[in-house]
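Q: I am new to reading protein models. Please take a close look at one helix and what surrounds it.

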Amino acid sequence: MERKENPQLEKLASLFQRRYNIVSELKKETDELSEAMQRQDNVSLDLLLDLRQEALNKLENNWVEMNLLVEEEEELRRTFQRLLQEDPKHSAGYPFLERRILELRGKIEESIGFIKERDARITAQALQTQKFLWEQIPEELKEEVV
């Protein structure tokens with residue numbers, strides 16, 4: 001039987017759950033952004049970029065909230081730092097909430113890797129489109145643009 005968990009640790013676990021939910025939404029919006037790029041749907045692109053920025057702001061606020069929480073209690077701060085350094089794959093020996101935090105961290109890291117990879121493809125596609133469009137401009141007009 002596990003000991004009664006610290007309410008602050010429960011709050012930290014809920015903040016990690018919120019972080020995972022935000023990253024999941026960011027991943028979904030990244031998929032939709034990629035699809036909008038392929039369709040050349042500029043209206044959707046603008047909306048999705050705004051939504052992604054909102055999600056990034058939520059992530060930043062979530063991080064601040066986590067750090068403010070762990071500043072309140074030395075033991076929680078040490079636990080937080082240990083959980084940030086531990087490989088999420090080694091969560092089996094941890095108590096329930098710490099194990100849950102590590103599992104969420106692993107899922108978050110996996111999703112962020114997917115987002116980075118998809119963003120790199122989106123950026124490459126945007127650069128190709130920009131290059132193609134630039135090449136379509138007559139030389140005499142390029143001088144006016146630059």
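A: What follows starts with the whole chain and then turns to helix α1, its contacts and the loop after it.

Keep in mind that this is a predicted model. The protein has five helices and zero strands. Along the sequence, the pattern reads α-α-α-α-α.

Now the overall shape. The C-alpha trace spans about 75 × 25 × 25 Å along its principal axes. The radius of gyration is 21 Å, whereas a compact globule of 146 residues would have one near 15 Å. Of the 146 residues, 31% count as buried. The protein exposes about 9800 Å², and carbon and sulfur atoms supply 52% of that area. Contacts also reach along the chain. Take those between residues at least 6 apart in sequence: 62% of them join residues at least 24 apart.

Next, helix α1. This helix covers residues 7-39. One partner is helix α3, residues 74-85. The two helices pack at an angle of about 35 degrees. Their axes lie 11 Å apart, and the crossing is right-handed.

Which residues meet there? From α1 come Gln8, Leu9, Leu12 and Phe16. From α3 come Leu76, Thr79, Phe80 and Leu84. Sort the residues of this contact by type, and you get six nonpolar, two polar and no charged.

Now look at Asn62. This residue sits in helix α2, which runs over residues 42-71. Is Asn62 buried or exposed? Its relative accessible area is 1%, so Asn62 is buried, the cut-off being under 20%. Leave out residues up to four places away in sequence, and Asn62 touches Leu15, Arg18, Arg19 and Ile22. Those four residue numbers fall within the 7-39 range of α1.

Finally, the link from α1 to α2. Gln40 lies in the loop between these two helices. What is the phi of Gln40? The value is near 55 degrees, which is positive, and Gln40 is not a glycine. Most residues other than glycine have a negative phi. Gln40 also differs from Asn62 in its surroundings: Gln40 has a relative accessible area of 62%, against 1% for Asn62. Exposed means over 50%, so Gln40 counts as exposed.

To retrace the path: α1 packs with α3, Asn62 of α2 is buried, and Gln40 is exposed in the loop between α1 and α2.

Methods: Residues numbered from 1 in each chain as written. Predicted model: local features only at pLDDT ≥ 70, side-chain atom pairs only at ≥ 80, totals over all residues. Heavy atoms only, no water. Axes fitted to C-alpha atoms, helices over the stretch in contact; angles between N-to-C directions. Left-handed = near helix turned anticlockwise from the far one by under 90°. Contact = heavy atoms within 4.5 Å. Nonpolar A, V, L, I, M, F, W, Y, C, P; charged D, E, K, R; others polar. Buried < 20%, exposed > 50% of the residue type's maximum accessible area, 1.4 Å probe, protein only. Rg over C-alpha atoms; globule rule 2.2 N^0.38 Å. Areas by Shrake-Rupley, 256 points an atom, 1.4 Å probe, with all protein chains shown as cover.
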